[in-house]
Amino acid sequence: MTLTEASGADGAPRPASTAPIHGEHDAMRNRLLEGKRAIVTGAGSGIGRAIAALFHAHGAQVVLADLDAASAQAAAQALDAARCHGRQADVASEASVRALVESTVARLGGIDVLVNCAGVPQRYTVIEALEEAHWERILGVNAKSVFLTCKHAVPHMKRQGGGTIVNIGSIVGVRPKPGQNAYCASKAAVIALSQSLALELACDGIRVNVVNPGAAETPMLAGFVDPARTPLEEAKRSFASNIPMGALIQPDDVAEAVLYLASPLSRQVTGAVFNVDGGRGV
Ligand SMILES: NC(=O)c1ccc[n+]([C@@H]2O[C@H](COP(=O)([O-])OP(=O)(O)OC[C@H]3O[C@@H](n4cnc5c(N)ncnc54)[C@H](O)[C@@H]3O)[C@@H](O)[C@H]2O)c1
């Protein structure tokens, strides 16, 4: 049924502008996170920055957290100094995550939405050359971070009677690649931890979902490439050629999926693993 086909109780056609169901639906779609309080990690760049911008456009108050304080603050100021706040945080450090959550609750009064997007990439490394410290850094930033932010944010969500958590995995968490051993393991951990938490927290009204991007056009992409072996532009063409839809993923493509999972539109969705990958994971 189109808008102009909507009819009232008398069966007469109703003008599109007064069709109540569609009208409310459109209004809801325009402001999916009205009044919600969100933390987005890794929000100084790439996908996290796009998520923060879309959340802001949908009415949320957003704390943009990043290891790089300057980029977090610049991203927040570019949006709206009244509803967006940029803040330094190291998601691999419990003390830093605790301070991030506490300062957010002090500033906004609670946390309705948590998005774990901060991450670090891995260049092709054979397993015998992988240093323990490098493994720990990748697992710490990409996976332990989800444990830490959930540990500290969930008590506030429980007190409020609910919340939504969206964790950014990667398609290589379900379809691994050679030489990205630690990165693939970290993203598989994000998926398993998210699904375990989805079950643990369902009775508290807290939903936990994962978005798995495919190769995305962000500053991180260069971090997967060894420029001595492959120039970046050639590597980008190679990444895109492995995507059935033929193009690199854009940050906004991922942000739209995160918005759906963070919003009431997905109120019965938890434990989902949503690939935004142009079909690479099929
Ligand atoms: N770009 C891709 O091809 C791709 C593909 C699949 C998944 N992902 C995932 O998407 C997420 C976002 O990546 P992106 O492509 O936007 O990368 P990006 O490099 O543009 O952004 C990542 C951000 O995380 C921040 N960060 C790094 N370590 C941090 C820490 N310890 N504490 C807080 N912030 C930290 C960085 O400063 C940066 O601003 C990551 O989890 C990444 O693994 C990216």
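The following paragraphs walk through the ligand site and the two largest pockets of this structure, which is a predicted model.

A convenient starting point is the ligand itself, which has 28 residues around it, and of these S45, I47, D66, Y183 and T218 come nearest. Two of these residues also make polar contacts with ligand oxygen atoms, although they do so through different parts of the residue: I47 places a backbone N or O atom 2.7 Å from an oxygen atom of the ligand, whereas D66 brings a polar side-chain atom to 2.5 Å from an oxygen atom of the ligand. A nitrogen atom of the ligand is also contacted, since a polar side-chain atom of D90 lies 2.8 Å from it. Taken on its own, the ligand has 830 Å² of accessible area, and the protein covers 93% of this.

Turning from single contacts to the shell as a whole, the residues around the ligand divide into 16 nonpolar, 8 polar and 4 charged. Helix 2 (46-57), helix 5 (132-160) and helix 6 (181-201) are the elements that contribute two or more residues to this shell.

The ligand sits in the largest pocket, and this pocket holds about 800 Å³ of space. Its lining is made up of 42 residues, with C117, G119, V120, T218 and M220 lying nearest the centre; T218 is also among the residues that come nearest to the ligand. Helix 2, helix 5 and helix 6 each supply at least two residues of the lining, as does strand 2 (61-66), and the element that gives the most is helix 2, with 3 residues. When the lining of the largest pocket is sorted by class, it divides into 22 nonpolar, 13 polar and 7 charged residues.

There remains the second largest pocket, in which about 340 Å³ of space lies. This pocket is lined by 14 residues, and those closest to its centre are K177, F224, V225, T230 and F239. By class, the lining of the second largest pocket comprises 6 nonpolar, 5 polar and 3 charged residues.

Conventions: Residues are numbered from 1 along each chain as its sequence is written. This is a predicted model: local features need pLDDT of at least 70, side-chain atom pairs count only at pLDDT 80 or more; totals for chains, interfaces and linings use all residues. Side-chain values use heavy atoms; hydrogens and water are left out. A residue is near a molecule or strand if one of its heavy atoms lies within 4 Å of it. A polar contact is a pair of N or O atoms within 3.5 Å; within protein, one must be able to donate a hydrogen and the other to accept it, and residues adjacent in sequence count only if both atoms are side-chain atoms. Accessible areas come from the Shrake-Rupley method with a 1.4 Å probe; for residues, only the protein chains shown count as cover. On a 1 Å grid over the protein atoms alone, a cavity is a set of points where a 1.4 Å probe fits but cannot get out, and a pocket is an open set with protein on both sides within 12 Å along at least five of seven lines; lining residues have an atom within 4 Å of a point. A molecule sits in a cavity or pocket if more than half of its atoms lie within 2 Å of its grid points. Helices (H or I, at least four residues) and strands (E, at least two) are DSSP runs, numbered from the N terminus. Ala, Val, Leu, Ile, Met, Phe, Trp, Tyr, Cys and Pro count as nonpolar, Asp, Glu, Lys and Arg as charged, and the others, Gly among them, as polar. Grid points are joined across faces, edges and corners, and a volume is the space filled by probe spheres set on the points.
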